[in-house]
Amino acid sequence: MKFGKEFSIQLVQEWQDAYMDYNGLKQVLKQVLHLKDRQQEIHHPLTSARGSFRRRVSLYRAFSGLTSKCRLGSPRKGDGGGGHVDDEVILVSSVDDEGSEDGKYQTMFLMPSDEGGEYELVFFRKLDDEFNKVVNFYKKKVNEVMVEADELSKQMNAFIALRIRVENPVLGGANLSSIHPVDATKQGEKFNRMETIQEVEMSSEEQPAEGESGRHQQAKADMEGFRPPSLRVLDHVRINVEPESPVSTLKGVLKTTNDKRFSKRELKKAETLMTQAFIEFYNKLRLMKSFSFLNQLAFSKILKKYDKIAARNASKTYLEMIDNSYLGSSDEVSKLMERVEATFVKHFANGNHRKGMDILRPKFKRERHTITFFLGVFFGFSLALSVGIIVSIHARNVVNSPGRHQYMENIFPLYSFFGYIFLHLFMYAVDIYYWNRYRVNYAFIFGFKQGTELGFREVLLLSSGLAVITFAGVVSNLDMEMDPRTRSFRAITELVPLGLLLVVGFITFCPFNIIYRSSRFFLIRCIFHCICAPLYKVTLPDFFLADQFTSQVQAIRSLQFYICYYGWGDYKRRSNSCKGNEIYRTFYLIVATIPYWIRFLQCARRLIEEKDSDHAVNGLKYFSTIVAVATRTTFAQIKTGNMMIAAAVTSVFATCLSTYWDLVKDWGLLRRDSKNPWLRDKLLVPNKSVYFIAMVVNVILRLAWVQSVFGFTDAPYIHRKALTAIVAVLEIFRRGMWNFFRLENEHLNNVGKYRAFKSVPLPFNYEDEDKDL
């Protein structure tokens, strides 16, 4: 694999703009190479290969009389002021820059008059720009992690004091404030369980390194070994371990607070939050170390390419400058990693180094061939069963039979529910495939636990498995209808879809660690958050799932039909009395608006918390859709001229607002002043026509409601239920397309803000900091 491709794979996608532009520098070198080859052909048309070698030798000898000054404009140690013949090409120095604290690096190219020298001059200018960009970004991130290290040290002080208070009532009793921290430490040594949390004081002989700031020294000292915290620190902190729930939200609205409690429950939750904070902090340090290494390696590779193309030897000088720069010489990140490892192993793994490192280090997913194998098996089974269904329908002549209408009214809605879920899973698998192809970090955006996210093969496996059991249910139903021995057992044949629904529900809520339990529980948790909106803080997975529900209105109505058909005993009579029931018709309207109400309430909560007017407009969009869906559903039941006008007007308004929001806000397109006209500045798909086609298709599919308002459902050539299913399928397809561009835009926003880590809530708040706020 070429280094450029390997470099693009290993970099942190959200930081890609901060890495050196390896491909851009390669393009400049290609111009230098092209000029060198052209000049070589002009001067040596018949002996180009041999002339190239002689030219390189002559260039090398021509530079042998010049003096080298490399590191920061001064001679290197050991040069004696004379220098070496291979360091005569460039002069690297550090110049003062008003926008930077420590200045920036600048290279002077000493051979601009040579053939192609102007391109080489452009190369070194771009090289300097890239290096200064990398150094400044790295220095900024180091300063950030130093501040975070200081905060983590304060959190650890409070955590250790809490552990002493909870696990040793003698030290944490009523006279806690009167116990000196040193005495408390001595008393704590009497308890075996406390041996794992006694701290080692910093050595007083350790002197701060020259030039290091006080904040950095304090952060290093805190992370290297926490001093025994005063147990009185608990008097000045508030424990934030209460998980977010509807109850906690209501308490926040009512401004009710609980007194400080120090129990094992609080200790356990605080330990969980601290563990998550350390894992995220360690992952950040690991990626920063990788950032430094990859950039240094990329600079080394590109400079060696320059030496080879230009027949010079300038890489040694530049690489020495890189080694002496902050990027190459800083060791704060490595030391912090060592201190985090030591602290975590000691306090959260009970001294077990292997256990502690297994928790700290990221879990990488392993591709398993069994998934591909079973995917092929299920896909083959689904094809065979679909052929069996077609044969059975043809054998029974279902299309032209008198019972066709009864089948479409009773059985088709039951099985169509699984068809909608299957298609949605299939579209999600396609989205994952293209997210991976264009390097969209969907696992980070959704907040999946590292190593548990499903790839497109796993999702296709689930969808094909659902297709197999669904088709098997349809075939068994048709076979029982065809067999004279089972035809009389009408109730049993009607129970096949219900049994299939129970199987899918059992798999979804199964508590055992099978069939991707972590992903199933993640989905269940998000569904619960949607149901309880707006009592939970709105996160991207929650409102993204609620948006999926807005495209599954027919599936939700199918669930309602399940309740009616089996709950009221219609399956025993093979009749459908649901539509004639007023309660069913009322809930038929209500369930269609539930997903939009969820999104409306989520927008309201975000508006209150974030004070962003965009959420008000988004909430208006969903409210207008609620009105449009309600009027269309009412028109389907009460066909009058006034209701048709109301349905058309409200649907047009909701469609215009939703289409605008899709294209401008969710996808970030239609930017008139962008580098890509009417799109956006950054695009992941290289073919721009894909975006214009997607916009047109999205607008067309947004108009699917037209068939329900202007009477297309009464077409004689297609059954009304089949037409409804087709419209639902088109909406699911539109949602799958929307998903890709929505996450692409979210990923590019993360890239623009260099947002590569999720924020982890900390368990302790210091009261003095709260007062400052």
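Start with the whole protein chain in view: among its contacts with a separation of 6 or more, 73% are between residues 24 or more positions apart. Keep in mind as you go that this is a predicted model. Colour by secondary structure and you will have 31 helices and four strands to look at. If you switch to colouring by accessibility, 45% of the 773 residues count as buried.

**Stop one: Leu11**

Select Leu11, which sits in the loop between α1 (3–10) and α2 (22–43). Is Leu11 buried or exposed? Its relative accessible area is 11%, so Leu11 is buried. Now add Leu287 to the selection and draw a distance between the two C-alpha atoms: 8.8 Å in space, for residues 276 apart in sequence. To see what surrounds Leu11, show Gln16, Tyr19, Leu294 and Arg439 as sticks; these are the residues in contact with Leu11 once neighbours within four places in sequence are left aside.

**Stop two: helices α22 and α25**

Next, select residues 540–550 for helix α22 and residues 582–610 for helix α25. In general, a pair of packed helices is described by two values, the angle between the axes and the distance between them. For this pair the angle is about 155° and the axes are 8 Å apart. Since angles over 145 degrees count as roughly antiparallel, α22 is therefore roughly antiparallel to α25. The handedness of the crossing of α22 and α25 is left-handed.

Which residues of the two helices meet? On the α22 side, show Asp542, Phe543, Ala546, Asp547, Phe549 and Thr550. Their partners in α25 are Pro595, Tyr596, Ile598, Arg599, Gln602 and Arg606. Colour this contact of α22 with α25 by residue class and you get six nonpolar, two polar and four charged residues.

**Stop three: the disulfide**

How many disulfides does a search of the whole structure find? There is one, and Cys564 and Cys578 form it, with their sulfur atoms 1.8 Å apart. Put a dihedral on the S-S bond and you will read -110°, which makes the link of Cys564 and Cys578 left-handed. The pair joins distant parts of the chain, 14 residues apart: Cys564 belongs to helix α23 (residues 553–567), while Cys578 is in the loop between α24 (570–573) and α25.

Turn on the surface to check both ends of the link. Cys564 has 3% relative accessibility and so counts as buried. Cys578 is buried as well, because its relative accessible area is 1%.

**Stop four: two more cysteines**

Select Cys510 now. With a relative accessible area of 3%, Cys510 is buried. Then move to Cys526, which is in no disulfide. The cysteine sulfur nearest to Cys526 is that of Cys530, 6.8 Å away, and a disulfide needs two cysteine sulfur atoms within 2.5 Å. Cys526 has a relative accessible area of 5%, so Cys526 is buried too.

**Last stop: Ser651**

Finish by selecting residues 641–666, helix α27, and pick out Ser651 within the helix. Where does Ser651 stand on accessibility, buried or exposed? At 1% relative accessibility, Ser651 counts as buried. To view its surroundings, show Ala628, Arg632 and Trp705, the residues that Ser651 touches when those up to four places away in sequence are not counted.

Key. Residues are numbered from 1 along each chain as its sequence is written. This is a predicted model: local features need pLDDT of at least 70, side-chain atom pairs count only at pLDDT 80 or more; totals for chains, interfaces and linings use all residues. Side-chain values use heavy atoms; hydrogens and water are left out. Axes are lines fitted to C-alpha atoms, for helices over the stretch in contact, and angles run from 0 to 180 degrees between N-to-C directions. Angles under 35 degrees count as roughly parallel, over 145 as roughly antiparallel, 65 to 115 as roughly perpendicular and the rest as oblique. A crossing is left-handed if the near helix is turned anticlockwise from the far one by less than a right angle, and right-handed if clockwise. Contact means heavy atoms within 4.5 Å. Ala, Val, Leu, Ile, Met, Phe, Trp, Tyr, Cys and Pro count as nonpolar, Asp, Glu, Lys and Arg as charged, and the others, Gly among them, as polar. Buried means under 20% relative accessible area, exposed over 50%, partly exposed in between (1.4 Å probe, protein chains only).
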